[in-house]
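Me: I have a protein model open and would like to learn how to read it. Could you walk me through its features with me?

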Amino acid sequence: MTNSNPDPTATDERRATERFLRKESVSIQILLPDADGAACAKVVASETIDISGRGIRLLLPRPLEANRIYDICVELEGDPRRFLLTGETRWCRYNGERQGHEVGIEILDGEGTDAVVWYRALEAG
């Protein structure tokens, strides 16, 4: 996602890649404090609202802090692969209608991730 505007519904569209309205399964690994206050990795199940080669908009039960890096696993319907991605949160806001937190995540290229395969899979349709 190249749009730095915190309002993803703004008409000033700056995305470099096409966005697809798709509901897909996503797991995101986040660090949460445990009972002792130490950081503990938790995997949170989620779903996409829309996806593109460079970004994902998720619906989560809890907010995520902006400008943080997360490990993400996405499963596309009809595709047997699991895409292991790294992304940075660009914005987060509560959506009362959907009763969850919408989170915009920019997919980052990185060694050991499926970012290139992800981009190609979405480009192919």
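Me: Let me start with a pairing. Which residue does D50 stand opposite in strand 4?

Reply: D50 stands opposite R57 there. Keep in mind that this is a predicted model. Strand 3 and strand 4 run antiparallel and are paired over 4 bridges, and a hairpin of 3 residues links strand 3 to strand 4. D50 is also the bridge partner of L21, since strand 1 (residues 20–21) pairs with strand 3 in the antiparallel sense over 2 bridges.

Me: Now the overview. How many helices and strands does the protein chain have, and what pattern do they follow along the sequence?

Reply: The protein chain has 7 strands and 1 helix. Along the sequence the pattern reads β-β-β-β-β-β-β-α. For the contacts with a separation of 6 or more, 54% link residues that lie 24 or more positions apart.

Me: How much of the protein chain is buried?

Reply: Burial here means a relative accessible area under 20%. By that cut-off, 41% of the 125 residues count as buried. As for the surface, the protein chain exposes about 7,300 Å², with carbon and sulfur atoms supplying 46% of that area.

Me: How far can I trust the coordinates? What is the average pLDDT of the protein chain?

Reply: The average is 82, and 83% of the residues score at least 70. Residues 1–12 need caution: pLDDT stays under 50 over that stretch, for which the model has 25 contacts beyond four places in sequence. Where pLDDT is low, the predicted coordinates should not be read in detail.

Me: Back to the strands, then. What joins strand 5 to strand 6?

Reply: Strand 5 (residues 69–75) and strand 6 (residues 82–95) are antiparallel and joined by 7 bridges. One pair to look for is Y70, which stands opposite G87 in strand 6. The two strands form a hairpin with 6 residues between them, and G78 in that turn has a positive phi of about 85°.

Me: And over how many bridges do strand 6 and strand 7 pair?

Reply: Strand 6 pairs with strand 7 (residues 100–108) over 9 bridges, again in the antiparallel sense. This hairpin has 4 residues between its strands, and the turn residue Q99 has a positive phi of about 55°.

Me: Where does T86 lie, and is T86 buried or exposed?

Reply: T86 lies in strand 6. T86 counts as buried because its relative accessible area is 17%, below the 20% cut-off. In strand 7, L108 is the residue that T86 stands opposite. I107 is 21 residues away from T86 along the chain, yet their C-alpha atoms are separated by 6.0 Å. Beyond four places in sequence, T86 touches residues including I69, Y70, D71 and T113.

Me: Which side chain does the side chain of E88 make a polar contact with?

Reply: That of R90, at 3.2 Å. E88 is found in strand 6 and is buried, with a relative accessible area of 17%. Among the residues E88 touches beyond four places in sequence are N67, R68, G104 and I105.

Me: S46 is another polar residue I noticed. What does its side chain reach?

Reply: The side chain of S46 reaches the backbone oxygen of L59 at 2.8 Å. S46 has its place in strand 3 and is buried, with a relative accessible area of 12%. S27 is 19 residues from S46 in sequence, but 5.9 Å away in space, C-alpha to C-alpha. Contacts of S46 beyond four places in sequence include E24, S25, V26 and L58.

Me: What about the nonpolar interior? Which residues have the most contacts inside the largest nonpolar core?

Reply: In soluble globular proteins, nonpolar side chains tend to be buried together. Here the largest nonpolar core has 22 residues, and those with the most contacts inside it are I28, I56, V74, L85 and W118. Elements giving two or more residues to this core include strand 2 (25–33), strand 4 (55–60) and helix 1 (115–124). Helix 1 gives the most, with 4 residues. To follow one member, select I28: beyond four places in sequence, its contacts include V43, L58, I72 and I105.

How values were computed:
Residues numbered from 1 in each chain as written. Predicted model: local features only at pLDDT ≥ 70, side-chain atom pairs only at ≥ 80, totals over all residues. Heavy atoms only, no water. Buried < 20%, exposed > 50% of the residue type's maximum accessible area, 1.4 Å probe, protein only. Contact = heavy atoms within 4.5 Å. Areas by Shrake-Rupley, 256 points an atom, 1.4 Å probe, with all protein chains shown as cover. Pairing = 2+ DSSP bridges. Polar contact = N/O pair within 3.5 Å; in protein donor to acceptor, adjacent residues only side chain to side chain. Core = buried A, V, L, I, M, F, W, Y, C linked by side-chain atoms within 4.5 Å. pLDDT = per-residue confidence, 0-100.
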